[in-house]
Amino acid sequence: MIPVPSAARVWIAAGHTDMRRGMNGLTLLVQEGLKRDPFAGDLYVFRGRRGDLIKCLWHDGLGLSLYAKRLERGRFVWPSMAGDSVTISPAQLGYLLEGIDWRHPQQTWRPSRAG
């Protein structure tokens, strides 16, 4: 898990991104496409066209980090093309990285009584 501070904002880039882009290309996309500062400590998440690969870009105050995750089965749940980006909480990012629908997480069944 990425050690994201609770005060950091997590931004999801809507639509798909060319996954051939590296750290510099994604930083430029944050600056010019999303009109945000990539060095402000926020985390930016991008998804490829197939939906099974995401990349996370994060500046922790010391340097820029690029994380990638590919699902063996299924696809990452992604917002529609309604805007340029969507902000989510660090807890929702945890759901996203596990391949769970972060928009409507389902609580597991709990027993109503012990006996």
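What percentage of the 115 residues in the protein chain do buried residues make up? Buried residues account for 39% of the chain. The model to be toured is a predicted one, and the stops below proceed from the whole chain to the sheet, its strands, the cores and several individual residues.

**The whole chain**

Begin with the entire protein chain in a cartoon representation. Two helices and five strands constitute its secondary structure, and along the sequence these follow the pattern β-α-β-β-β-β-α. Among contacts between residues at least 6 apart in sequence, 58% join residues at least 24 apart. Switching to a surface display brings up the exterior: the chain exposes about 7400 Å², of which carbon and sulfur atoms supply 50%.

**The sheet**

Return to the cartoon and select the five strands. They form an open sheet with mixed pairing, in the order β4-β3-β2-β1-β5. Its edge strands are β4, residues 64–70, and β5, residues 85–88, each of which pairs on one side only. From one strand to the next, the twist averages 25°.

**Strand β1 and its two partners**

Select residues 10–13, which make up strand β1. Toward β5, the two strands run antiparallel and are joined by four bridges; within this pairing, V10 stands opposite I88 in β5. Toward β2, the pairing is parallel and extends over three bridges, with I12 standing opposite V45 in β2.

Show the side chains next. In a regular strand the side chains alternate between the two faces of the sheet. Both faces of β1 are covered: V10 and I12 are buried on one side, and W11 and A13 are buried on the other.

**Strand β2**

Move to β2, residues 43–47. Is this strand enclosed by the rest of the structure or open? Five of its five residues are buried, so β2 is largely enclosed by the rest of the structure. One face carries L43, V45 and R47, while the other carries Y44 and F46, and all of these residues are buried.

Centre the view on V45. Neighbours within four places in sequence aside, V45 is in contact with V10, W11, I12 and A13, and also with I54, K55, C56, W78, L93 and L96.

**The nonpolar cores**

Several of these residues recur at the next stop. The largest nonpolar core has 18 residues, and those with the most contacts inside it are I12, L43, V45, I54, W78, L93 and L96. Colour β1, β2, β3 (residues 53–59) and α2: these are the elements that give two or more residues to this core. Apart from it lies another core, of 10 residues; select M19, L26, L53 and L57, which are among its members.

**The loop between α1 and β2**

Follow the chain from α1, residues 23–32, into the loop that leads to β2, and select K35 there. K35 has a positive phi of about 60° although it is not a glycine. Its relative accessibility is 64%, so K35 counts as exposed.

D42 is found in this loop between α1 and β2 as well. Is D42 buried or exposed? Its relative accessibility is 9%, and D42 therefore counts as buried. Display polar contacts around its side chain. One, of 3.3 Å, joins it to the side chain of W11, and another, of 3.3 Å, joins it to the side chain of R36. With neighbours within four places in sequence left aside, D42 is in contact with A8, R9, W11, R36, L57, W58 and H59.

**Edge strand β4**

Select Y67 in strand β4, one of the edge strands of the sheet. Y67 has a relative accessible area of 31% and is therefore partly exposed. A distance label between C-alpha atoms will show 5.0 Å from Y67 to C56, residues that are 11 apart in sequence.

**Helix α2**

End at helix α2, residues 90–97, and select P90. With 23% relative accessibility, P90 counts as partly exposed, because buried means under 20%. Finally, draw a line from P90 to L43: their C-alpha atoms are separated by 9.3 Å, although the two residues are 47 apart along the chain. L43 leads back to the largest nonpolar core, where it is among the residues with the most contacts, and helix α2 is one of the elements giving two or more residues to that core.

Technical notes:
Residues numbered from 1 in each chain as written. Predicted model: local features only at pLDDT ≥ 70, side-chain atom pairs only at ≥ 80, totals over all residues. Heavy atoms only, no water. Buried < 20%, exposed > 50% of the residue type's maximum accessible area, 1.4 Å probe, protein only. Pairing = 2+ DSSP bridges. Axes fitted to C-alpha atoms, helices over the stretch in contact; angles between N-to-C directions. Core = buried A, V, L, I, M, F, W, Y, C linked by side-chain atoms within 4.5 Å. Contact = heavy atoms within 4.5 Å. Areas by Shrake-Rupley, 256 points an atom, 1.4 Å probe, with all protein chains shown as cover. Polar contact = N/O pair within 3.5 Å; in protein donor to acceptor, adjacent residues only side chain to side chain.
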